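I opened this model today to go through its surface, its cores, its cavities and a few odd backbone spots. Here are my notes, in the order I looked things up.

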Amino acid sequence: MGIHGLTKLISDNAPGAIKEGVIDNYFGRKIAIDASMSIYQFLIAVRQIGEGQLTNEAGEVTSHLTGMLYRTIRMLEAGMKPVFVFDGKAPTMKSGELAKRKERQKAAEAELTKLQEEGGSAEDIERQQKRTVRASREQSEEVKQLLTLMGVPVIDAPCEAEATCAALAAADKVFATGTEDADALTFGTPILVRHLNASESRKLPIVEVNLQRALDGLQLDMAQFVDLCILCGCDYTDSIKGIGPVKALKMIQDHKNIEGVLKNLDKTKYPLPEPFPFEEARALFVRPEVSDPATTELKWTDPNVDGLKKFLVEEKQFGEDRVNRAIERLQKCKGKNSQVRLESFFGAPTMHSSSKKPEPPKGKGKLNGKGKALSGPAGKKQKK
């Protein structure tokens, strides 16, 4: 779900924090990618173009494998070095959100059946189909196997994938977090990259969000930013009825934190959700359970050609010619992966936000002017 309305809030108040580009701009960059989000995108993508799920002769869904194979090759051909991070256990506080998602999925399945029986419009059927899609544990394991055979590193996060991605980025193990969910910023990733998995036919630009510039434009420090995200609405607690992102920002700017907001809030006009465990939600963003960046080894290797053929052709019934062409593309990426960006030798160019910069933020989670965290997600000190 991410954070309700956060991207638009940043765009409106800190336009210099967001820039658009192309995938080739990430030549030589290591990007930690939320694998679960990627799999979901691939599962719904073919539905959006009206083809239903891709399956093999045995009727097994292969959309996730097809999508991951070709999008990852596309990244490697651009000289990017992706690492895919998979979700571990869900935080206990997220159980409520997960239960709501299951209820929404059941409702969507019932509505889909009704539309199909009564001849509903193609648009309505497609909308409900999208709501019924969920990646299974088996599909995630198949994608892990595929990526490993391709020579791309895979990480099993202890908890939320976005949190581990953010920790890796904050510790300079990778350049950015690749996901569509803006809560990666709440976890403290210095850079968020979106649309990496978008179909080439959609021609969507790659969107990059710089956390430090967002903080500057919103006139918040990192601790205040986390509280803003909680007020906007997140996976860990419901938002306060009647308070949207714009009002939430004004309240945090005026009262500095959620405690200050609640102290001055007219609870008759703005009733609190029951429960409203904002302190626990804050702790999950500030001190998330993540893989230790200091002991996380990222290694890209040559593709396992025989393993890929056995898995894709023999086990998953992909066309042999198609797989051979994909492997050929993979092997041509080898030279690009060993090259580094020029700035590794000469230093990265200094970039400035077009927004007026306020006084340097105080408190935990402070970042430097290049968007690199001086400490980990929302203030947790990271080992180098």
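**Surface and burial.** I began with the exposed area of the chain, which comes to about 18700 Å². Carbon and sulfur atoms supply 49% of that area. I kept in mind throughout that this is a predicted model. Next I checked burial: of the 384 residues in the chain, 52% are buried.

**Overall fold.** I then went through the secondary structure and found 17 helices and 7 strands. I also looked up how far apart in sequence the contacting residues are. Taking contacts between residues at least 6 apart in sequence, 72% join residues at least 24 apart.

**Nonpolar cores.** My next stop was the largest nonpolar core, which holds 51 residues. Phe84, Leu146, Met150 and Leu196 have the most contacts inside this core. Helix H3, residues 63-77, gives the most to this core, with 6 residues. I noted a second, separate core too; it has 48 residues, among them Leu6, Leu231, Ala281 and Val290.

I wanted to know what Phe84 touches beyond its neighbours within four places in sequence. Its contacts include Ile33, Ala35 and Ser38, and also Met68, Thr72 and Met75. Further along the chain, Phe84 is in contact with Leu147, Val152, Pro153, Val154 and Ile155.

**Cavities.** How many cavities of 30 Å³ or more does a search of the whole structure find? I got 2. The largest cavity has a volume of about 50 Å³. I wrote down the residues that line the largest cavity: Ile33, Asp34, Met37, Ser38, Gln41, Gly178, Thr179, Glu180, Leu196 and Asn197. By class, I have 3 nonpolar, 5 polar and 2 charged residues in this lining.

Two elements, strand E2 (30-34) and helix H2 (35-48), each supply at least two residues of the lining. Helix H2 has the largest share, 3 residues. Two names here were already in my notes: Ile33 and Ser38 line the largest cavity, and both are in contact with Phe84. Leu196, another lining residue, is one of the residues with the most contacts inside the largest core.

**Tyr40.** While I was on helix H2, I looked up Tyr40, which lies in this helix. Tyr40 counts as partly exposed because its relative accessibility is 25%. Tyr40 and His64 are 24 residues apart in sequence, and I found their C-alpha atoms 7.8 Å apart in space.

**Helix H7.** Is helix H7 enclosed or open? In helix H7 (residues 161-170), 10 of the 10 residues are buried, so the helix is largely enclosed by the rest of the structure. Among these buried residues are Glu162, Thr164, Cys165 and Leu168, as well as Ala161 and Ala170.

I then asked what covers these buried residues. The cover includes strands E2, E3 (81-86), E4 (154-156) and E5 (176-178), together with helix H8 (183-186). So that I could follow the chain out of the helix, I also checked Asp172: this residue follows H7 and has a positive phi, near 65 degrees.

**Backbone oddities.** I looked for a cis peptide bond and noted the one from Glu274 to Pro275, with omega near 5 degrees. Pro275 is in the loop between helix H12 (258-263) and helix H13 (278-286).

Two more positive phi values went into the notebook. Gln219 has a phi near 60 degrees, though Gln219 is a residue other than glycine. I placed Gln219 in the loop between helix H9 (211-218) and helix H10 (222-232). With 55% relative accessibility, Gln219 counts as exposed.

Lys256 is not a glycine either, and its phi is about 80 degrees. I found Lys256 in the loop between helix H11 (245-255) and H12. Lys256 is partly exposed, as its relative accessible area is 48%; the cut-off for exposed is over 50%.

**Glu297.** My last entry is for Glu297, in the loop between H13 and helix H14 (305-315). Glu297 is exposed, with a relative accessible area of 67%. I paired Glu297 with Ile155: they are 142 residues apart in sequence and 9.4 Å apart in space, C-alpha to C-alpha. Ile155 had already come up as a contact of Phe84.

Methods
Residues are numbered from 1 along each chain as its sequence is written. This is a predicted model: local features need pLDDT of at least 70, side-chain atom pairs count only at pLDDT 80 or more; totals for chains, interfaces and linings use all residues. Side-chain values use heavy atoms; hydrogens and water are left out. On a 1 Å grid over the protein atoms alone, a cavity is a set of points where a 1.4 Å probe fits but cannot get out, and a pocket is an open set with protein on both sides within 12 Å along at least five of seven lines; lining residues have an atom within 4 Å of a point. Grid points are joined across faces, edges and corners, and a volume is the space filled by probe spheres set on the points. Helices (H or I, at least four residues) and strands (E, at least two) are DSSP runs, numbered from the N terminus. Ala, Val, Leu, Ile, Met, Phe, Trp, Tyr, Cys and Pro count as nonpolar, Asp, Glu, Lys and Arg as charged, and the others, Gly among them, as polar. A nonpolar core is a set of buried Ala, Val, Leu, Ile, Met, Phe, Trp, Tyr and Cys residues joined through side-chain atoms within 4.5 Å. Buried means under 20% relative accessible area, exposed over 50%, partly exposed in between (1.4 Å probe, protein chains only). Contact means heavy atoms within 4.5 Å. Accessible areas come from the Shrake-Rupley method with a 1.4 Å probe; for residues, only the protein chains shown count as cover.
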